[in-house]
Amino acid sequence: SAFLLNRSSDLEMETPLYEHRLLQAWDKVLGPTVSRYTKEIRIYNQVLFVTITSAALRNELMMRRTELVARLNSEAGAQVITQIVLR
């Protein structure tokens with residue numbers, strides 16, 4: 001019985017790994033220009049909070065939020081976030 005796995009705890013142990021992958025994916029998916037204007041990025045309760053220092057860029061990204069959620073989750077290899085909040 002030492003080999004029995006508790007699926008929920010396995011998922012909880014993997015969560016920080018997937019979150020780390022998703023944070024790394026930001027630069028890869030959005031590229032160097034967006035990276036330059038990204039001041040802060042963090043995940044809390046499946047929401048990605050990103051501070052963008054350019055108002056024009058922030059507005060452009062707001063229109064692409066749904067697409068970005070899908071691309072970032074895909075890059076991370078799991079459903080890590082459900083939405084993006086841009087500040």
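## Report on a predicted three-helix, three-strand chain

Read from the N terminus, the elements of the protein chain follow the order α-β-β-α-α-β. The model described here is predicted. Its secondary structure amounts to three helices and three strands. The protein chain has 87 residues, and 33% of them are buried. Its accessible surface is about 5,900 Å², and carbon and sulfur atoms contribute 53% of that surface. Among the contacts in the protein chain with a separation of 6 or more, 56% are between residues 24 or more positions apart.

### The sheet

The three strands form an open sheet in the order β1-β2-β3, and the pairing is mixed. Strands β1 and β3 (83–86) are at the edges, and each has a single partner strand, so one side of each lacks a neighbour in the sheet. From one strand to the next, the twist averages 20 degrees.

The mixed character of the sheet can be followed pair by pair. Strand β1 (residues 38–44) runs antiparallel to strand β2 (residues 47–52), and six bridges join them. These two strands form a hairpin with two residues between them. In the turn of this hairpin, N45 has a positive phi of about 50 degrees. On the other side of the pairing scheme, β2 and β3 are parallel and share four bridges.

The table lists individual bridge partners.

| Residue | Bridge partner | Strand of the partner |
|---|---|---|
| I43 | L48 | β2 |
| R42 | F49 | β2 |
| L48 | I84 | β3 |

L48 thus appears twice, as the partner of I43 and as a residue whose partner in β3 is I84. The bridge partners R42 and F49 are also related through their side chains: R42 lies over the face of F49, at 4.9 Å from the ring centre. As for pairs between aromatic rings, the count comes to zero.

### The two faces of β3

In a regular strand, side chains alternate between the two faces of the sheet. Strand β3 shows such an alternation. I84 and L86 point to one face and are buried, whereas Q83 and V85 point to the other face and are not buried.

### A buried residue in β2

Where in the chain does I52 lie, by element? I52 belongs to strand β2. Its relative accessibility is 2%, and I52 therefore counts as buried, the cut-off being under 20% relative accessible area. Leaving aside residues up to four places away in sequence, I52 touches W26, Y37, T38, L57, R58, L61, L86 and R87. One of these residues, L86, is among the buried side chains of β3. Another, Y37, is 15 residues from I52 in sequence, and the two C-alpha atoms are 5.4 Å apart in space.

### Helix α3 and an exposed residue

Helix α3 (residues 65–76) lies across β2 and β3, and runs at about 120 degrees to β3. S74 is one of the residues in helix α3. Is S74 buried or exposed? S74 has a relative accessible area of 58% and is therefore exposed, since the term applies over 50%. S74 and L22 are 52 residues apart along the chain, yet their C-alpha atoms are separated by 8.8 Å.

### Summary

The predicted model combines three helices with three strands. Its sheet has the order β1-β2-β3, with an antiparallel pairing of β1 and β2 and a parallel pairing of β2 and β3. Helix α3 lies across β2 and β3, I52 in β2 is buried, and S74 in helix α3 is exposed.

Technical notes: Residues are numbered from 1 along each chain as its sequence is written. This is a predicted model: local features need pLDDT of at least 70, side-chain atom pairs count only at pLDDT 80 or more; totals for chains, interfaces and linings use all residues. Side-chain values use heavy atoms; hydrogens and water are left out. Rings of Phe, Tyr and Trp (its six-membered ring) pair if their centres lie within 6.5 Å; planes under 30 degrees apart count as stacked, over 60 as edge-to-face and the rest as tilted. A charge sits over a ring if NZ of Lys or CZ of Arg is within 6 Å of the ring centre and within 35 degrees of the ring normal. Two strands pair if DSSP finds at least two bridges between them. Axes are lines fitted to C-alpha atoms, for helices over the stretch in contact, and angles run from 0 to 180 degrees between N-to-C directions. Contact means heavy atoms within 4.5 Å. Buried means under 20% relative accessible area, exposed over 50%, partly exposed in between (1.4 Å probe, protein chains only). Accessible areas come from the Shrake-Rupley method with a 1.4 Å probe; for residues, only the protein chains shown count as cover.
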